[in-house]
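Student: I have a new structure to look at, and I would like to understand the words people use for it. Could you go through some of them with me?

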Amino acid sequence: MAAASVSASGMSSGGPDNRVSGRNILLTVVVDEADYEEVQRIVQNAGVNI
């Protein structure tokens, strides 16, 4: 169960003493290929770096 912690996974570590820091989000979206560019624009407009 320790690997379920974000600090164990490395997804949000890097602060002093390897504590959880910042805001790290993993967004996975399954879309039709025809909608890909529109979805990418929506995500970027929301302030998420791709």
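Tutor: Let us take the terms one at a time, keeping in mind that this is a predicted model.

Student: What makes up the protein chain, in helices and strands?
Tutor: The protein chain has two helices and zero strands. Of its 50 residues, 6% count as buried.

Student: Why is Val31 called partly exposed?
Tutor: Its relative accessibility is 33%. Buried means under 20% and exposed means over 50%, with partly exposed in between, so Val31 counts as partly exposed. You will find Val31 in the loop between helix 1 (6–9) and helix 2 (36–45).

Student: Why does Gln40 count as partly exposed?
Tutor: Gln40, a residue of helix 2, has 24% relative accessibility. That value is also between the cut-offs of 20% and 50%, so Gln40 is partly exposed. The C-alpha atom of Gln40 is separated by 8.0 Å from that of Ile50, ten residues apart along the chain.

Student: Which residues form the nonpolar patch on the surface?
Tutor: Leu27, Val29, Val31 and Tyr36 form this patch, and together they have about 360 Å² of accessible area. Val31 fits the rule for patches, because its 33% is over the 30% that a patch residue needs.

Student: How many nonpolar, polar and charged residues are in the lining of the largest pocket?
Tutor: The lining has ten nonpolar, three polar and no charged residues. Among its 13 residues, Leu27, Val29, Val39, Val43 and Ile50 lie nearest the centre of the pocket. Val, Leu and Ile count as nonpolar, so these five are nonpolar lining residues. The space in this pocket is about 250 Å³.

Key:
Residues numbered from 1 in each chain as written. Predicted model: local features only at pLDDT ≥ 70, side-chain atom pairs only at ≥ 80, totals over all residues. Heavy atoms only, no water. 1 Å grid on protein atoms, 1.4 Å probe; cavity = no way out; pocket = protein on both sides within 12 Å on 5 of 7 lines; lining within 4 Å. Points joined across faces, edges and corners; volume = space filled by probe spheres on them. Patch = residues over 30% accessible without salt bridge, like charges linked within 9 Å, V, L, I, M, F, W, Y side chains within 5 Å. Areas by Shrake-Rupley, 256 points an atom, 1.4 Å probe, with all protein chains shown as cover. Salt bridge = Lys/Arg side-chain N within 4 Å of Asp/Glu carboxyl O. Helix = DSSP H or I, 4+ residues; strand = E, 2+ residues; numbered from the N terminus. Buried < 20%, exposed > 50% of the residue type's maximum accessible area, 1.4 Å probe, protein only.
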